[in-house]
Amino acid sequence: MKDIPYKIYLSEHEMPKNWYNLRADMKNKPAPLLNPGTLQPITAPELSGVFCEELVAQELDDTTPFFEIPEEIRNFYKMYRPSPLVRAYCLEEKLGTPAKIYYKFEGNNTSGSHKLNSAIAQAYYAKKQGLKGVTTETGAGQWGTALSMACSYFELDCKVYMVKVSYDQKPFRREVMRVYGASVTPSPSMETEVGKKILSEHPGTTGSLGCAISEAVEKAITSEGYRYVLGSVLNQVLLHQSVIGLETKAALDKYDIQPDIVIGCAGGGSNLGGLIAPFMGEKLRGEKDYRIIAVEPASCPSFTRGKFAYDFCDTGMVCPLAKMYTLGCDFIPAPNHAGGLRYHGMSTTLSQLYHDGLMEAVSVPQTAVFEAAEQFARVEGILPAPESSHAIRVAIDEAMKCKETGEEKTIVFGLTGTGYFDMVAYEKFHDGLMEDYVPTDAELAESFAKLPKV
């Protein structure tokens, strides 16, 4: 094997020219989205009232394997892509493990995360359609930050509904959005009818992504010249994020490295779906095999404790229904949950792959996640985002298993971004104020009872 450098860089000429559509290689395609009124498969014209037209075409296409990345988007990507694939030599040494650990680092842009990969694409298509602006939701703030940057680049208005608990806990993330010209509203709010309804039913609520999505969709469909864009969950987002996995695989292939385990954090699915795309494609085509692990928070365990069923994508029940692993559209994680990945459901594509046994899932408590984050920061020199730290936790756990067995496995995980705007969460961890909330079976049963009868 060739000598492996600390960081494997691709040249800009080696950057992917196409996004890879994983669904094209799936024998069992994700179930179709349903119109919330008719409960029939939703059509392109129906979706076009909410989303940009070209994004609708990408969303509904499950047969085309590759979509060309427009030159304008590729030129923007060159500001921060290709991103490095890093060999975690220092972490390996500290752990005393024979495992080889690599991480794909997506934090080398101002938004601090992988979200910019899809934000710039969605803003591009909105501009191309001649829109005035877009609306969206954001939880921890990475997506809102990325979208505000992308909209600023294309001179589009950007309206962000930020989950209230994050709005209060992450003022610096909020201010970065405002630097790039976005308006940021804590959700649920009194700006929308659905926001008013949620507040009347749940006074004092700290919000959820489902709430914020409902508000952003309502704002889009009631504002002329606007469309709604989403930072995760949707097929189009996983498509754009495939640039992560394509670069990762190209870097590994450059040094003849064959991973045994690929690990990603899982909230709605954008990072995980993007990272695993080409590896899962090989697995689906029978060319190679990999162990693929999704890591989610124990406080919002849609894969490991959710139901595989049709559910609304938002709390206000105005979005299409998706067949996914879900905790119920009105499930709201406890306010003391500080580790991100707060969405109640999971990408339909990833849900189908998990249901078919093609990938694993594990849930981890947040104190263990922050322990891993701190351990990683002290030896690798990067303060990781709490979301990414879920993957770090399991990567360390798998590496320690290798230490026990003596196996020299190669582990690859996604480091979705940096945690420099997440210091309130780190502060709670250091001050001993962080609790490992886990929803009870009774709480989940109450939520499951409200799933739509489809």
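Colleague: Why are helices H11 and H12 called oblique to each other?

Modeller: Their axes cross at roughly 55° and come within 6 Å. Under 35 degrees counts as roughly parallel, over 145 as roughly antiparallel, 65 to 115 as roughly perpendicular, and the rest as oblique. The crossing of H11 and H12 falls in that rest, therefore oblique. Axes here are lines fitted to C-alpha atoms, for helices over the stretch in contact, with angles from 0 to 180 degrees between N-to-C directions.

Colleague: What kind of model is this?

Modeller: It is a predicted model: local features need pLDDT of at least 70, side-chain atom pairs count only at pLDDT 80 or more, and totals for chains, interfaces and linings use all residues. Residues are numbered from 1 along each chain as its sequence is written, and side-chain values use heavy atoms, with hydrogens and water left out.

Colleague: Which residues of H11 and H12 meet?

Modeller: H11 spans residues 235–254 and H12 residues 270–284. Val-237, Leu-238 and Gln-241 are among the H11 residues in the contact, and Ser-270, Asn-271 and Gly-273 among those of H12. Contact means heavy atoms within 4.5 Å. By class, the contact has 9 nonpolar, 8 polar and 2 charged residues. Ala, Val, Leu, Ile, Met, Phe, Trp, Tyr, Cys and Pro count as nonpolar, Asp, Glu, Lys and Arg as charged, and the others, Gly among them, as polar.

Colleague: What makes H6 largely enclosed by the rest of the structure?

Modeller: 11 of its 13 residues are buried, so H6 is largely enclosed. Buried means under 20% relative accessible area, exposed over 50%, and partly exposed in between, with a 1.4 Å probe and protein chains only. Trp-143, Leu-147 and Phe-154 are among the buried ones. These buried residues pack against H5, S6, S7, H8 and H16. Helices (H or I, at least four residues) and strands (E, at least two) are DSSP runs, numbered from the N terminus.

Colleague: How does the reach of H6 compare with the expected span?

Modeller: From first C-alpha to last, H6 reaches 19 Å, close to the 18 Å expected. That expected span is 1.5 Å times one less than the number of residues.

Colleague: How do H6 and H8 cross?

Modeller: The axes come within 8 Å and cross at roughly 15°. That makes H6 roughly parallel to H8. The contact includes Gln-142 and Ser-148 of H6 and Arg-173 of H8. Its residues divide into 2 nonpolar, 4 polar and 1 charged.

Colleague: Why does Glu-68 count as exposed or buried?

Modeller: Glu-68 has 61% relative accessibility, so the residue counts as exposed. Glu-68 sits in strand S3 and touches Lys-17, Asn-18 and Trp-19, not counting residues up to four places away in sequence.

Colleague: What marks out Leu-39 and Asp-256?

Modeller: Most residues other than glycine have a negative phi, and most peptide bonds are trans. Leu-39 has a positive phi of about 60°. Asp-256 has a positive phi of about 55°. At 36% relative accessibility, Leu-39 counts as partly exposed. Asp-256 is exposed, at 54%.

Colleague: Which peptide bonds are cis?

Modeller: Arg-81 to Pro-82 is cis, with omega near -5°. Pro-82 lies in the loop between helix H3 and strand S4. A cis bond also joins Ser-187 and Pro-188, with omega about 5°. Pro-188 is in the loop between strand S8 and helix H9.
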